[in-house]
Amino acid sequence: MDEYIDIVDNTGKPTGKSELKSVIHQKGFYHHTAHIWFYNIKGEILLSQRSAKKTICPLMWDVSVAGHIDAGETAEEAAIRETKEEIDLKILQSDLLKVGVFECFQSYENGIIDNEFHNTFLVELKVEISELKPQESEVEALKLVSLDDFQILIDTIENNSGHFVPSNKTYYEFVLREIKKTLA
């Protein structure tokens, strides 16, 4: 879907302009996304495998839920909407723990220039993974990994067969630390 997204400057501040997502990725305009990392009280983190149909990183295992923040939408509204769309789970704004905004500026061989600011949230997963319904166009599969396994995926990020974007290693380390703090 080619939705309108607000354009921001290189520090993440709104410019007052919006553009279609396809144009934003073609021209490399800066924009915001919402990243939602789900964890449970057993100390497991939900990973989502990107659909084979995705133009960027198909079949890669990564963040539980993620998506662009539509024009005029807040990061929290996008997080709630994307969670409902991608895994059919209703969450509330009070469920969201915002842990930061992270720069992720990358270009891909297919010509996409993706200059994103990840508005990152943690949410406790209070249902069984079997109750989640992945959106076919976005999510290929879901799985839970232990905190220890998440650390191993970070430690072996250069050759861990389809898990995580190597250039985002410090981001994943931060997310793991924040989840551990929340569980403490």
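Here is a short walk through a helix, two nonpolar cores and a serine. The model is predicted, so local features need pLDDT of at least 70 and side-chain atom pairs count only at pLDDT 80 or more, while totals for chains, interfaces and linings use all residues. Residues are numbered from 1 along each chain as its sequence is written, and side-chain values use heavy atoms, leaving out hydrogens and water.

Let's start with helix α4, residues 169–183 (helices are DSSP runs of H or I, at least four residues, and strands are runs of E, at least two, numbered from the N terminus). With 15 residues at 1.5 Å each, α4 should span 21 Å, which agrees with the 21 Å between its end C-alpha atoms; the expected span is 1.5 Å times one less than the number of residues. Among its buried residues (under 20% relative accessible area, 1.4 Å probe, protein chains only) are Tyr172, Phe174 and Ile179. The buried residues of α4 pack against elements including β3 (30–39), β4 (44–50) and α3 (147–155).

That leads us to the largest nonpolar core, with 24 residues; such a core joins buried Ala, Val, Leu, Ile, Met, Phe, Trp, Tyr and Cys residues through side-chain atoms within 4.5 Å. Helix α4 gives the most to this core, six residues. A second, separate core of 19 residues includes Ile36, Phe38, Leu46 and Leu142.

Now look at Ser64, in the loop between β5 and β6 (65–68). Ser64 is buried, with a relative accessible area of 0%. A polar atom of its side chain lies 2.9 Å from the backbone nitrogen of Phe38, and one lies 2.5 Å from the backbone oxygen of Leu46.

Technical notes
Buried means under 20% relative accessible area, exposed over 50%, partly exposed in between (1.4 Å probe, protein chains only). Contact means heavy atoms within 4.5 Å. A polar contact is a pair of N or O atoms within 3.5 Å; within protein, one must be able to donate a hydrogen and the other to accept it, and residues adjacent in sequence count only if both atoms are side-chain atoms.
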